[in-house]
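Student: Please walk me through this structure. I want to hear the reason behind each label.

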Amino acid sequence: MKKTLPVFLLFVIIVLEGYVVLSSELLAIRQTIPFVGSGTDTVSIIIAAVLMPLAFGYQAGGRYRPGFAANGRYHSIRRKLIRNMFISMIILLLGLSYALINVFFFALIKAGITHRLLLVTLYSAIFLVTPVYLLGQTIPLVSNYFSKQKLAKVTGKILFFSTLGSFLGAVFSTLVLMANLGVHHTVSLNFI
């Protein structure tokens, strides 16, 4: 049986998903600049490492069906959402930590990997693909809590709030948080 969440909370989750995905993308671009530069080629790899997993996450979230796992535990939509968010948070926390990024890139360079496109590709594959894929599942999973009777209206509203979150992630995180608090504190607030 699926438990009902308040509609307000569902839209808060959708806004936060959009915010976190886009602000994490921008923070990843900003954090990797000292190591790979700010050229459109390196930025495009990070953007691609966000967009494709997001698309595959949407598809996977739409196919998810709650049920009993092999271990006998029931895996609800709520449990799946919490698990996805927790795993995403841990990976993004590591991947956006400047201290870890510094160690990561210097280890790769010391190992002989010096081509900046390969460096940013490895970074994106390790620290962006999985969390964005998991976060991409949020919208289709949350949509299970809405009535199917007004699907078009609910879908439009869900996409509006997700895009609103992305807009806030782009504008608020860069123009307000990064400009006034710095990148480090913006990364910290991204997880709160």
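Student: What makes Phe160, Leu164, Phe167, Leu168, Val171, Phe172, Leu175 and Val176 a patch on the surface?

Tutor: This is a predicted model. In it, these nonpolar residues have about 690 Å² of accessible area together. A patch takes residues with over 30% relative accessible area, and nonpolar side chains are joined within 5 Å. Take phenylalanine 172, which lies in helix H8 (residues 151-181). Its relative accessibility is 37%, and the cut-off is over 30%.

Student: Why is phenylalanine 172 called partly exposed?

Tutor: Buried means under 20% and exposed means over 50%. Phenylalanine 172 has 37%, so it counts as partly exposed.

Student: Why does serine 23 count as buried?

Tutor: Serine 23 has 0% relative accessibility. Buried means under 20%, so serine 23 is buried. Its place is in helix H1 (residues 7-36). Among residues over four places away in sequence, it touches Gly169, Ser173 and Asn190.

Student: What makes the link between the side chains of serine 23 and asparagine 190 a polar contact?

Tutor: The two side chains are 2.5 Å apart at this contact. The limit for a pair of N or O atoms is 3.5 Å, so the distance fits.

Student: Why is histidine 75 called partly exposed?

Tutor: Its relative accessibility is 26%. That lies between 20% and 50%, so histidine 75 counts as partly exposed. Histidine 75 lies in strand E2 (residues 74-75). It touches Tyr64, Pro66, Gly67 and Ala69, leaving out residues up to four places away in sequence.

Student: How many aromatic pairs does the structure hold?

Tutor: It holds eleven. One of them joins phenylalanine 11 and phenylalanine 146.

Student: Why is the pair of phenylalanine 11 and phenylalanine 146 called tilted?

Tutor: The centres are 5.2 Å apart, and the planes stand at 50°. Pairing needs centres within 6.5 Å; stacked means under 30 degrees, edge-to-face over 60. The angle of 50° fits neither, so the pair is tilted. Phenylalanine 11 is in helix H1, and phenylalanine 146 is in the loop between helix H7 (138-143) and H8, 135 residues apart.

Student: How do you know that phenylalanine 11 and phenylalanine 146 are buried?

Tutor: Phenylalanine 11 has 9% relative accessibility, and phenylalanine 146 has 10%. The cut-off is under 20%, so both count as buried.

Student: What makes the pair of phenylalanine 11 and phenylalanine 161 tilted?

Tutor: Their planes stand at 45°, with ring centres 4.7 Å apart. Tilted covers what is neither under 30 nor over 60 degrees, so the label fits. Phenylalanine 161 lies in helix H8, so the pair ties together parts 150 residues apart in sequence.

Definitions and conventions. Residues are numbered from 1 along each chain as its sequence is written. This is a predicted model: local features need pLDDT of at least 70, side-chain atom pairs count only at pLDDT 80 or more; totals for chains, interfaces and linings use all residues. Side-chain values use heavy atoms; hydrogens and water are left out. Patches are made of residues with over 30% relative accessible area and no salt bridge: like charges are joined within 9 Å, nonpolar side chains (Val, Leu, Ile, Met, Phe, Trp, Tyr) within 5 Å. Accessible areas come from the Shrake-Rupley method with a 1.4 Å probe; for residues, only the protein chains shown count as cover. A salt bridge is a side-chain nitrogen of Lys or Arg within 4 Å of a carboxyl oxygen of Asp or Glu. Helices (H or I, at least four residues) and strands (E, at least two) are DSSP runs, numbered from the N terminus. Buried means under 20% relative accessible area, exposed over 50%, partly exposed in between (1.4 Å probe, protein chains only). A polar contact is a pair of N or O atoms within 3.5 Å; within protein, one must be able to donate a hydrogen and the other to accept it, and residues adjacent in sequence count only if both atoms are side-chain atoms. Contact means heavy atoms within 4.5 Å. Rings of Phe, Tyr and Trp (its six-membered ring) pair if their centres lie within 6.5 Å; planes under 30 degrees apart count as stacked, over 60 as edge-to-face and the rest as tilted.
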